[in-house]
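Please examine the structure shown below before reading on. The paragraphs that follow lead from one helix outward to the rest of the chain.

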Amino acid sequence: MLDDKVILFLFLDVILIFVALIYMGKLSTLLLKPCLLIDLQQSILDGNFIIMYQPIVSTTNGHKKNIYGLEALIRWNHPKIGLIMPDEFIPLVEKNNLMDRLTDILLQKTLNDLKNNDIFNLDKTQNISINIPPSYLLKSINIKKLVLYRDNLIKLNWQPCIEITEREKISEQVIISIHYLRKIGFKFSIDDFGSGCTALYLLQEVPFDHLKIDKRFIEKVKNDNDVNHIITTIIDLSKKLDIKPIVEGVENRQQVEYLKGNGCEIYQGYYFYKPLNIKTAINEIIKNK
Ligand code: G
Ligand code: MN
C-alpha cells in the first residue's frame with residue numbers, strides 16, 4: 001500500500017510537470033492535440049488564418065532600411081489557443097493533404113490585404129513573396145489560379161515572387177511549371193536553401209531570381225571573425241549563377257557585418273524587422289521610399 005507521503009510526493013510531481021509544461025507554453029497544445037485536426041479542418045473552412053508581412057531589406061544604396069519587398073507569412077488564428085506558428089501546424093496540414101487549401105487561403109488573404117492597403121501613391125513596384133510548396137504547382141487548376149493572382153497583384157503595383165520550399169522534392173513537372181510561371185511574370189526564390197531536398201543541379205535547371213540562405217547557417221555566425229565556409233560558398237555560387245542571395249534569420253549587427261563583408265546585400269530577419277501586420281508593413285515601405 002502506498003502511504004500518504006508517497007501519494008503526496010506523486011501528486012506534487014504531477015503538479016510540477018504541469019507547471020513546467022505551462023511555463024514552456026506546451027500544455028494547451030498538448031491537451032488539445034487530439035482535437036487539432038478537427039480544429040484545423042474547421043479553421044480552413046472558416047479562414048481562421050492571418051497573414052503577417054516581414055520586410056526584406058536591401059543595403060545596396062547605403063540606406064540602413066531600404067525595403068526590397070515583403071514576405072507573406074501565414075499564422076493559424078486558433079479560436080482557443082490563439083496564434084500558432086507554421087512550424088507547429090504545417091506538418092499536420094501536410095499529413096492530411098490540406099496544403100493546397102492552405103496555399104489558396106494564403107494567396108487569397110494576401111491579395112485582399114494588398115487590395116485594402118494600396119500603394120498607388122508610390123511610384124515603384126514592390127516585391128511580394130509568397131511561400132508555395134512544389135506540389136501546388138503540379139495541378140493545372142492551381143496554375144490557372146496563379147495566373148489570375150499575377151494579373152491582380154501586378155495591377156496593384158506588386159511584383160509577385162514565389163518562394164518555393166525545398167521541403168519536398170522538386171520534380172520535372174514542377175520545373176516545367178516554374179519555367180512557365182517565370183515566363184508570364186513571376187519571380188522565383190528557392191527558400192531555406194541548403195536545409196532540405198535541393199539537388200544542386202536544380203540551380204542549373206531553373207533560373208531562380210533569388211536564393212534564400214537558410215537561417216540555420218546564419219545562427220552559427222556569432223561575430224564578424226567567424227568563418228562560415230558554407231555561407232561564403234553559397235554566396236559565391238549564387239553570384240556566379242547570377243542569382244541574388246537573400247540571407248534569412250539575421251538577428252544581430254555582427255551577422256550583418258560579416259555578411260556584408262562577404263558581398264551580401266539583401267537581408268531578412270529580426271535585426272531589421274519582425275513580421276508586421278499589413279498596415280505597419282505598408283507604412284514602413286512608405287516611410288522608407
Ligand atoms: O521558411 P521561411 O523562410 O518561409 O520561414 C520564415 C519564418 O522564419 C517565419 O515564420 C518568420 O517568423 C521566421 N523568422 C523570420 N526572421 C527570423 C529571425 O531573424 N530569426 C528567427 N529565429 N526566425 C525568423
Ligand atoms: Mn519563405
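The tour begins in helix α6, where Val174, Ser177, Ile178 and Leu181 are buried. Viewed down the axis of α6, these buried residues fall within an arc of 105°, so they line one face of the helix. The general geometry of helices makes such a pattern understandable. An α-helix has 3.6 residues a turn, so residues three or four places apart point the same way. The face of α6 turned away from the buried side carries the exposed residues Glu172, Ile176 and Lys183. It should be kept in mind throughout that this is a predicted model.

The length of the helix can also be checked. Helix α6 comprises 12 residues, from 172 to 183, and at 1.5 Å a residue it should span 16 Å; the C-alpha atoms at its ends are 17 Å apart, which agrees. Just after α6, Gly185 takes a positive phi of about 115°.

What do the buried residues of α6 pack against? Their partners are α5 (140-155), β5 (158-164) and β6 (187-193). These partners offer a way into the neighbouring parts of the chain.

Consider helix α5, which contains Lys155. This residue counts as exposed because it has 9 C-beta neighbours inside 10 Å, and a residue with 12 or fewer is placed in that class. The C-alpha atom of Lys155 is separated by 9.8 Å from that of Lys115, although the two residues are 40 positions apart along the chain.

The loop between α5 and β5 holds Asn157. This residue has a positive phi of about 80° although it is not a glycine. Such a value deserves notice in view of a general tendency. Most residues other than glycine have a negative phi. Asn157 is partly exposed, since 17 other C-beta atoms lie within 10 Å. When neighbours within four places in sequence are left aside, Asn157 is in contact with Ile119, Phe120, Thr125 and Gln126. Its C-alpha atom is also 10.0 Å from that of Ile128, a residue 29 positions away in sequence.

Strand β6 supplies another residue with a positive phi. Asp192 lies in this strand, and its phi is about 50° although it is not a glycine. Is Asp192 buried or exposed? With 20 C-beta neighbours inside 10 Å, Asp192 counts as buried, because 20 or more are required for that class. Asp192 also belongs to the surroundings of ligand 1: 16 residues surround this ligand, and the closest are Asp192, Gly249, Glu251, Gly269 and Tyr270. The shell as a whole divides into six nonpolar, five polar and five charged residues.

Attention may now turn to the interior. The largest nonpolar core has 58 residues, and those with the most contacts inside it are Ile128, Ile162, Phe188, Ile213 and Val247. Strand β2, residues 66-78, provides the largest share of this core, namely six residues. Phe188 illustrates how parts of the sequence meet: residues up to four places away not being counted, it touches Cys161, Ile162, Ile164, Ile178, Arg182, Val206, Phe208 and Asp209. One of these, Ile178, is among the buried residues of α6.

A second helix repeats the division into two sides. In α11, residues 278-287, the buried residues are Ile278, Ala281 and Ile282. They cover an arc of only 95° around the axis, which puts them on the same side of α11. On the other side of α11, Lys279 and Lys287 are exposed. The cover over the buried residues of α11 includes β1 (49-58), β2 and α4.

Helix α4 covers residues 99-116 and contains Asp100. Asp100 is partly exposed, as 18 other C-beta atoms lie within 10 Å. Beyond its neighbours within four places in sequence, Asp100 is in contact with Tyr136 and Asn142. Asp100 and Ile132 are 32 residues apart in sequence, yet their C-alpha atoms are 8.9 Å apart in space.

The chain may finally be viewed as a whole. It contains 11 helices and nine strands. Of its 289 residues, 31% count as buried. Among contacts in the chain with a separation of 6 or more, 68% are made by residues 24 or more positions apart.

How values were computed:
Residues numbered from 1 in each chain as written. Chains lettered and ligands numbered in written order. Predicted model: local features only at pLDDT ≥ 70, side-chain atom pairs only at ≥ 80, totals over all residues. Near = placed C-beta within 6 Å. Nonpolar A, V, L, I, M, F, W, Y, C, P; charged D, E, K, R; others polar. Helix = DSSP H or I, 4+ residues; strand = E, 2+ residues; numbered from the N terminus. Expected span 1.5 Å × (residues − 1). Arc of directions from axis to C-beta. Contact = placed C-beta atoms within 7 Å. Core = buried A, V, L, I, M, F, W, Y, C linked by C-beta atoms within 7 Å.
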